[in-house]
Amino acid sequence: MSAASPATDLFARHYVDLQLSGAVGRVAGGLSAAGLVTVDRLTTRSRVLGFATQVMRVVHHRDSGADGVTAIYNTGRHDERPGFAGLTNGELALHTEGAALQSPPRLMLMVCTQPAPEGGHSLLVDGHTIHAELEQRCPDAMAVLSGPRAGFFGPSTGIFAPVFARHEDGRVAVRYRQNGLVRWSPLAQMHLHSFWTAAKRNQQMLTLKAGQGYLLDNHRWLHGRTAFDGARRCYRALGNPHEPAPPGFLPRSTGGGAA
């Protein structure tokens, strides 16, 4: 499998300067076109929250503060706990945020305010790219992973859901995780290697500097992180766009080209 592609290319390609007039509109346009926007100059928690509230209705998370923002750092208390890898210094596997929810939040903002001395690189992969590769190379895997009971996400109170959910308008949303809080159907289990191979082949790496971050469509992009040493702090906000937006992506088989 190939290594993740260089960070600078991905950051520059999706960058929106928040100091420019009409920046929020540019952010919305970037999300609509590619499902991903990169930003900078968000050096404090309050600035992260300020930008988040401009582009989304922030929703609270199990680990968030009263303001809805979650501090992501190594707490030293969450090792070996399923679903808490983000609060350790270990690797965080590619996943959908809130995969066990009936409707995961549409948007996720992740900003780094203190990079790690070593490691802690963000990993991103476009579900549109994974879907297109499986359509071409592994149609059987595509069919199985699109089944309504492909996986059971969450604890006993979780939900059955497909990895690729097709909406009435033909658009597709991706849902995936790979820790102890998902159980796969026997057929899906047989095809997960194809999905994971495509994800790893197409993942891209971001090494965020202080104040830099990304805003993604959580129904389209998977995100993760490499392990790190030393102190590292990020802030995350989850939510839904102020204005309704089409979910996920249009498959290439229906004319949805690459972003």
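**Exercise 1.** Find which residues Thr226 touches, and decide whether Thr226 is buried or exposed.

*Solution.* Leaving aside residues up to four places away in sequence, Thr226 touches Gly90, Glu91, Gly119, Gly120, His121 and Leu123, where contact means heavy atoms within 4.5 Å. The model is predicted, so local features need pLDDT of at least 70 and side-chain atom pairs count only at pLDDT 80 or more, while totals for chains, interfaces and linings use all residues. Residues are numbered from 1 along each chain as its sequence is written, and side-chain values use heavy atoms, with hydrogens and water left out. Next, Thr226 sits in the loop between β15 and β16 (228-229), and because its relative accessibility is 19%, Thr226 counts as buried (under 20% relative accessible area, with exposed over 50% and partly exposed in between, for a 1.4 Å probe and protein chains only). Finally, a polar atom of the Thr226 side chain lies 3.2 Å from the backbone nitrogen of Gly120, and a polar atom of that side chain lies 2.9 Å from the backbone nitrogen of His121.

**Exercise 2.** Work out the order of the strands in the open sheet, and explain why β4 and β13 each have one side without a neighbour.

*Solution.* The 4 strands (DSSP runs of E, at least two residues) follow the order β4-β15-β7-β13 with antiparallel pairing, pairing being at least two DSSP bridges between two strands. Since β4 (92-95) and β13 (204-206) stand at the edges with a single partner strand each, one side of each is left without a neighbour in the sheet. Strand β7 (residues 122-126) pairs with β13 over 3 bridges, and Leu123 has Met205 in β13 as its bridge partner.

Conventions:
Polar contact = N/O pair within 3.5 Å; in protein donor to acceptor, adjacent residues only side chain to side chain.
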